[in-house]
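Work through the exercises below with the sequence and the 3D view open. Try each task before reading its solution.

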Amino acid sequence: MNIDELCQKYNYEIYFQNNFRRICYYYQVKKNSYQYQECYDACLMAYLYSLCHCAISTKRDKDGYIMAYIRKIMKIYAIAALTVYNDANNICKINGF
């Protein structure tokens, strides 16, 4: 499968928007915050990365695997985005910015 076919088959808005909302709810990320945008960008990047990874991998053509893989990578990227955001926030507080 190529990336266009995977994008059509595993549409972000249909399949993974709810996963993004669950991640935000779990980590208490408010919709009108900067963290929300960071999380959204990270999850979208994770989605695209996962599609590219699955497109080049010939053994990973099962629907269940692809869906689970994308969800897992989205969570990892979201955690990383929140960690970087919190660290940057703490550095600014320490240095009086």
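**Exercise 1. Cysteines**

Find the closest cysteine sulfur to the sulfur of C7, and decide what the distance says about a bond.

Solution. Step 1: the closest cysteine sulfur to that of C7 belongs to C52, at 7.8 Å. Step 2: a disulfide needs two cysteine sulfur atoms within 2.5 Å. Step 3: the sulfurs of C7 and C52 are therefore too far apart for a bond.

Do the same for C39, and then give the count of disulfides for this predicted model.

Solution. Step 1: the closest cysteine sulfur to that of C39 is in C24, 4.6 Å away. Step 2: this too is too far for a bond. Step 3: the count is zero disulfides.

Are C7 and C39 buried or exposed, or something in between?

Solution. Buried means under 20% relative accessible area, exposed means over 50%, and partly exposed lies in between. C7 has 26% relative accessibility, so C7 is partly exposed. C39 has 0%, so C39 is buried.

**Exercise 2. The chain as a whole**

Describe the fold pattern and the overall dimensions of the chain.

Solution. Step 1: count the elements; the chain has four helices and zero strands. Step 2: read them along the sequence, which gives α-α-α-α. Step 3: take the principal axes; the C-alpha atoms fill a box of roughly 50 × 20 × 20 Å.

What share of the residues is buried, and what supplies the exposed area?

Solution. Of the 97 residues in the chain, 31% are buried. The chain exposes about 6700 Å², and carbon and sulfur atoms supply 56% of that area.

How far apart are the mean positions of the positive and negative charges?

Solution. The chain has 12 positive and 8 negative charges. Their mean positions are 10 Å apart.

**Exercise 3. The nonpolar core**

Identify the residues that touch the most other members of the largest nonpolar core, and the elements that build this core.

Solution. Step 1: the core has 23 residues, and those touching the most other members are Y12, F16, F20, C43, I70 and M74. Step 2: the elements giving two or more residues to the core are α2 (12-26), α3 (34-56) and α4 (63-94). Step 3: α4 gives the most, with eight residues.

Now take F16 and list its contacts, leaving aside neighbours within four places in sequence.

Solution. F16 is in contact with Y10, N11, Y47, M67, I70, R71 and M74. Two of these partners, I70 and M74, also appear among the core residues named in Step 1.

**Exercise 4. Contacts across the sequence**

Classify S50 by its accessibility and name its contacts beyond four places in sequence.

Solution. Step 1: S50 lies in helix α3. Step 2: its relative accessibility is 0%, so S50 is buried. Step 3: S50 is in contact with Y69, I70 and I73.

Locate E5 and give its C-alpha distance to A55.

Solution. E5 is in helix α1 (residues 3-9). With a relative accessible area of 39%, E5 is partly exposed. E5 and A55 are 50 residues apart along the chain, yet their C-alpha atoms are separated by 9.1 Å.

Which share of the contacts between residues at least 6 apart joins residues at least 24 apart?

Solution. The share is 68%.

**Exercise 5. A loop residue**

Where is Q28, and what is its phi value?

Solution. Step 1: Q28 is in the loop between α2 and α3. Step 2: its phi is near 55°, a positive value in a residue other than glycine. Step 3: Q28 has 64% relative accessibility, so Q28 is exposed.

Notes
Residues are numbered from 1 along each chain as its sequence is written. This is a predicted model: local features need pLDDT of at least 70, side-chain atom pairs count only at pLDDT 80 or more; totals for chains, interfaces and linings use all residues. Side-chain values use heavy atoms; hydrogens and water are left out. Buried means under 20% relative accessible area, exposed over 50%, partly exposed in between (1.4 Å probe, protein chains only). Contact means heavy atoms within 4.5 Å. Accessible areas come from the Shrake-Rupley method with a 1.4 Å probe; for residues, only the protein chains shown count as cover. Lys and Arg count as positive and Asp and Glu as negative; His and the chain ends are not counted. The place of a charge is taken as NZ of Lys, CZ of Arg, CG of Asp or CD of Glu. A nonpolar core is a set of buried Ala, Val, Leu, Ile, Met, Phe, Trp, Tyr and Cys residues joined through side-chain atoms within 4.5 Å.
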